[in-house]
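Reader: I want the labels justified, one at a time. Show me the model first.

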Amino acid sequence: MTIQNTKLLKPTIAIYDFTDCEGCEVQLVSLLEDFLQLEKRVEIVNWRLGQEHNHPGPFDVCIIEGTPITLLEQKLLKELRAKSKVLVGLGACATLGGIPAIVSKKQRNAMYKKIYSENYKPRGLDSLPLANYVPVDYLIHGCPADKADILRSLTDLLAGKMPAPFPYPVCMECKLKGPECRLLNQKPCLGPVSQAGCDAVCVRGGTGCYGCRGNVSGANWTSLKKTLSQFMTHDEMKKYVSVFLSATDEYKNLK
Amino acid sequence: MKKPIQNSMIAKIEGHGSLNINFKAKKVELNILEGERLFEEMLIGKSYEQTYWITPRICGVCPIVHALASVKAVEETFRIQVSHSSQIMRELMMCSQMLESHILHLIFLSLPDYLGVDRGTEIYQKHPKYFNMALKIKKTADFIAKAIGGRPVHPVTITAGGFFKFPKIEVIREIKIQLQNIIDDAEGLVNLALSLKYPALYNPCEYLSAEPKLADEFPIYSFSKISSSRNSNFEIKNYIKEIKELVVPYSTAKFAQHFKQGFMVGSLARVLLFGNRLTPLASQYLNKINLDTLRFNPYYNNLAQALEVLHYTEKAINICDFALKNGLEKPMVGFKTRAGRGVGVMEAPRGILYHDYTFDSRGNATDINIITPTVQNLAHIEEDANFIVEHSDANESEIYHQIEMLVRAYDPCITCSVH
């Protein structure tokens, strides 16, 4: 794979956001000096949040944050796929469906009526990850995406290399950092099945892992469910897993 | 000057909105195009601890204030009184929230309009002094948010009852040193904001802000009621009768009104209502300004934000001093879930934020209502935009640009508004 653009020499980058909280873009900007360094090596040719003058493409790399909820967003996603050499999903909304996916397509109509009004004409269709609509080349997971992981992934891409997912679970990083194991203390945690790369920041802060970084390869859900069921009801487990993983098979298999 | 492209997404605002300006009819529609996010219904049935885990995801720019409004609603329902140490650590987090959000808005979204550049990072090449100032303030804000909340975006240490853990006292000492090192930068930012030429506009409106419990305190964490510039104060719990949210056909966000009119919340409202409570340095600068110039011109919201950056820097130093002198108690108090309702109100960077929750006895949510600052500002942004189209004799491109600048001056958070 090469993302070298011979005419401009610098690879062209587009950053798009669909419906979401834009926290992953905040993370990107919060790279500060590292962001400025990165910026020197690329041409950011399209970034609505950051600039007014935007180029329609094609792009060497297109980074997309958020969930394509409206028809407009779903159409745009397909266009962006067609004109981007490399398409990258940024953050749990894009990579997993995340928080927006808690609401299923089936539930949406009743919710529109309740929040807006009986005759409200909705724009939203469904809240699923990017990969449900188009092939995606790489996923930068997390809610929010981790700054170091964003930097690592983008640096790899600029070097002409496809970044690799973390091959070990959150537990690995957690054990190295030393907080007591939540599961041993009978507190919910999805650390054993979730991809690392976050330095177990939630567990170290006192909250359980909700699995925002998606499955680690070889995730043993059967075993984790057995452990969780020792201190959680099936309903509690479902509610816990639903936070980021509602659009995944693992959640659907809990029903 | 850029040619107006009707209905194209407005750049450099948080979230997706576009302007539909009818120059003949002299009427502006602010289209809000974000997909419906349905947070209020999404939370039904979720447990109380998931409410303050999920609601920060309404906004990546102001997640801390959503977490705090949310946990306050839970604590009010369960009748939990957090320790004084927890309260001041939450106040310190709020200072970092204000610094972080205001700096992002001023440098990356608003200032380029005034300095004649496009992307915020261009300021780094053209005005490195300003950019480095902003960089230092942003770093300090992130350092504080990480030290107390675990990370700047979407905190992980907040729980009903207080915090899972507090930073070590050495870290508070380090926070204080960093804050002292940015006082000059915060002053520089105020001087910069004072030097900008703001477009003229005079369109009277009502200003609302949550009123602090303490009589001499500028808004931060504890509030007694909602204060109005038109003597129409109201009790927090009555917000639902006072603030009417309207559904408009071209927007996925509701437009709120008070007495059937738009009103303004946020930095400018806070400074106009409670400016006499700013910290000493910030007061010195405020005293140089004729408040009547600021009143009813929303472009000055940017100046008010800069003043607040200085205020919250000083305030944060005071909080550190208190913690260093008195130490910190246990981070968490015990509690039991109980059925009931609680309203958590906060002053977010962009204005009043209401989280109104009802729980069953097991602590599962049965009813949720959230009103964000931008929902409250939208109607008045449109009223101001209409005022510009009606009264300006500039050409269409200039009017279009001026209205875009107006929208940005309000610092709208469209993602928040479609929650």
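Author: Start at A:Pro58, which is placed in the loop between S2 and S3 of chain A. Helices (H or I, at least four residues) and strands (E, at least two) are DSSP runs, numbered from the N terminus. The model is predicted: local features need pLDDT of at least 70, side-chain atom pairs count only at pLDDT 80 or more, and totals for chains, interfaces and linings use all residues. Residues are numbered from 1 along each chain as its sequence is written, while chains are lettered from A and ligands numbered from 1 in the order in which they are written.

Reader: How do you know that the peptide bond from A:Gly57 to A:Pro58 is cis?

Author: From omega, which is near 5° there. The bond from A:Cys143 to A:Pro144 is cis as well, with omega near 0°. A:Pro144 lies in the loop between S5 and helix H6 (147-158) of chain A. Most peptide bonds are trans, and most residues other than glycine have a negative phi.

Reader: Which sign does phi have at A:Leu32?

Author: Positive: phi is near 50°, in a residue other than glycine. A:Leu32 belongs to the loop between helix H1 (23-29) and helix H2 (33-40) of chain A.

Reader: Why is A:Leu32 called partly exposed?

Author: A residue is buried with 20 or more other C-beta atoms within 10 Å of its own, exposed with 12 or fewer, and partly exposed in between; C-beta atoms are placed from the backbone. A:Leu32 has 15 such neighbours, so it falls in the middle class. Across chain A, buried residues make up 48% of the 255 residues.

Reader: What makes 19 Å agree with a compact globule for chain A?

Author: The radius of gyration is taken over C-alpha atoms, and the globule rule is 2.2 Å times the number of residues to the power 0.38. For 255 residues that gives a value near 18 Å, and chain A has 19 Å, so the two agree. The C-alpha trace of chain A spans about 60 × 55 × 30 Å along its principal axes.

Reader: How are the strands of chain A ordered in the open sheet?

Author: Chain A has 11 helices and 5 strands. The sheet has the order S2-S1-S3-S4-S5, with parallel pairing. Two strands pair if DSSP finds at least two bridges between them.

Reader: Why are strand S2 (43-47) and strand S5 (138-140) of chain A placed at the edges?

Author: Each has a single partner strand, so one side of each is left without a neighbour in the sheet. Neighbouring strands are turned by 25° against each other on average, direction ignored.

Reader: How do you know that S3 and S4 of chain A pair?

Author: Strand S3 (residues 59-65) and strand S4 (residues 84-90) of chain A share 6 bridges in the parallel sense. At least two are required, so they count as paired. A:Cys62 has A:Leu87 in S4(A) as its bridge partner.

Reader: Turn to chain B. Which strands form a hairpin, and which turn residue has a positive phi?

Author: S6(B) and S7(B) form the hairpin, with 5 residues between them, and B:Asn231 in the turn has a positive phi of about 55°. S6(B) and strand S7 (residues 234-235) of chain B pair in the antiparallel sense over 2 bridges. B:Ile226 is the bridge partner of B:Phe234 in S7(B). B:Ala210 also stands opposite B:Ile226.

Reader: Why is B:Asn231 called exposed?

Author: It has 7 other C-beta atoms within 10 Å, and 12 or fewer counts as exposed, so the label holds.

Reader: How do H3(B) and H4(B) pack?

Author: Helix H3 (residues 63-77) and helix H4 (residues 84-115) of chain B pack at an angle of about 150°, with their axes 9 Å apart. Axes are lines fitted to C-alpha atoms, for helices over the stretch in contact, and angles run from 0 to 180 degrees between N-to-C directions. B:Ile64, B:Val65 and B:Leu68 in H3(B) meet B:Arg90, B:Met93, B:Met94 and B:Gln97 in H4(B).

Reader: How many residues of chain B are in contact with chain A?

Author: 49 residues of chain B are in contact with 46 residues of chain A. Contact requires C-beta atoms, placed from the backbone, within 7 Å. H6(B) gives the most to this side of chain B, with 4 residues.

Methods: Two residues are in contact if their C-beta atoms, placed from the backbone, lie within 7 Å.
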